[in-house]
Amino acid sequence: MDLQVTEQGRLQVTSSGAEPLVLHPIWLRERLPDAAVLDPRTGQRLEEAAETPTDLRVTAAELDGTITFSDGFATRLPAAWLAGAIIGEPAHGGHVHWDGTLDHAAFPAADLADLRRDPATLGRLLDGLDAYGFAVVRGVPLDMDGGLEFADLIGPIRRTNWGGVADVKAIPNAYDLTMTPRHLEPHSDNPYREPVPGYILLHCLTNDADGGDSTLVDGFHAAAILRRDNPAAFETLVTTDVTFRYHDETAFLENHGPLIECNGAGEVVQIRYSNRTEMIGRLPVERLEAYYAARAAFWRLIAPSSPLTLQFRLQPGELLMMDNYRLLHGRTGYTLATGSRHMRQCYLDRDSVGSRRRLLQPACLLQPA
Ligand SMILES: [Fe+2]
């Protein structure tokens, strides 16, 4: 690896087989693996970055990795750190878009016993979750809180006003349509919460009534189709801020956001769809007209009759983990007279899941950013 200083005082790193990489002196300074810059234990910055002189330059680079800055600060860059800088951010695994034809054998899945025994198996499951937006865990105890045995491998569950692990079964005086035998249209959970729950863990205890199959739709796939076939509708859903509200005697929960949310790079990062709780504001009628047409176009893509809908039956002892920012989930109606359907559900925040996944990829620890 060769280090050179450019005319502008930037550091140029050249390694065999790779394009030369030019590092901005301030970018470099902010990330230096030096105890005077970053706390060695937490990696947190000790210097106030905004007070770094904006005309800072690299003035010298030695063969052994020692570099000197124009304010006199000098440090030695380890070769492994430089290699990490060249690789950059870990490559995103990429989302695999799927539809209703996805074969059951292709589902990301693992047995709880294997996940417990082997962290690498958990890492692969979380990679599969990231790629497909869902994963199935088998061999989960049929206890009321059996799902926690899997959740505990990842992180703390998200408690809500309904508690930690909640029943999903038909009950009298249900406070949510989930707890009736009614079919459930595809939806994302609780977009009225802040933050919106990141992942749903649905643990099946019994499922022997007629009906009650699970349905899933890849919302990112649906959004990609809408973007391709009806860009105006896509744009409307991305740019229209929608309110979601849940209100009963004990809670008034409200949050807002677009049905399709994109990041600064234009990539779809979150789907919100909750017919039960969507309460759009009183926008000008022309905007509402465009919104209703766009919402109808998106609904046609995610509706139960759409070829994007994947339908399957959860078995007792299985747990379905779903990305609530990507998937729409639902179920077919069921008949209580023919048996019972009892699921237990809890949430995990996105940072807990992301953290576990990153920690199971030790190579990431070398990344300078
Ligand atoms: Fe739900």
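The largest nonpolar core of this predicted model has 59 residues, and those with the most contacts inside it are Phe134, Val137, Leu201, Phe298 and Met321. The largest share of this core comes from strand β12, which spans residues 199-207 and supplies six residues. For a closer look at one member of the core, Phe298 can be followed through its contacts: when its neighbours within four places in sequence are left aside, Phe298 is in contact with Ala222, Leu226, Ala233, Leu237 and Leu259. Separate from this core there is a second one, made up of 12 residues, with Leu3, Leu28, Ile67 and Leu82 among them.

The division into domains gives a frame for these positions. The protein is divided into domain 1, covering residues 2-88, and domain 2, covering residues 104-359, and the centres of the two domains, taken over C-alpha atoms, are separated by 43 Å.

A pair of helices can then be examined in detail. Helix α4, formed by residues 119-132, packs with helix α9, formed by residues 350-359, at an angle of about 130 degrees, and their axes are 9 Å apart. Because angles over 115 and up to 145 degrees fall outside the roughly perpendicular and roughly antiparallel ranges, α4 and α9 are oblique to each other. The crossing in which α4 passes α9 is left-handed. Which residues of the two helices meet there? On the α4 side they are Gly123, Leu126 and Asp130, and on the α9 side they are Val353, Arg356 and Arg357.

Note on methods: Residues numbered from 1 in each chain as written. Predicted model: local features only at pLDDT ≥ 70, side-chain atom pairs only at ≥ 80, totals over all residues. Domains from an automatic or database assignment. Core = buried A, V, L, I, M, F, W, Y, C linked by C-beta atoms within 7 Å. Buried ≥ 20, exposed ≤ 12 C-beta atoms within 10 Å, placed from the backbone. Helix = DSSP H or I, 4+ residues; strand = E, 2+ residues; numbered from the N terminus. Contact = placed C-beta atoms within 7 Å. Axes fitted to C-alpha atoms, helices over the stretch in contact; angles between N-to-C directions. Parallel < 35°, antiparallel > 145°, perpendicular 65-115°, else oblique. Left-handed = near helix turned anticlockwise from the far one by under 90°.
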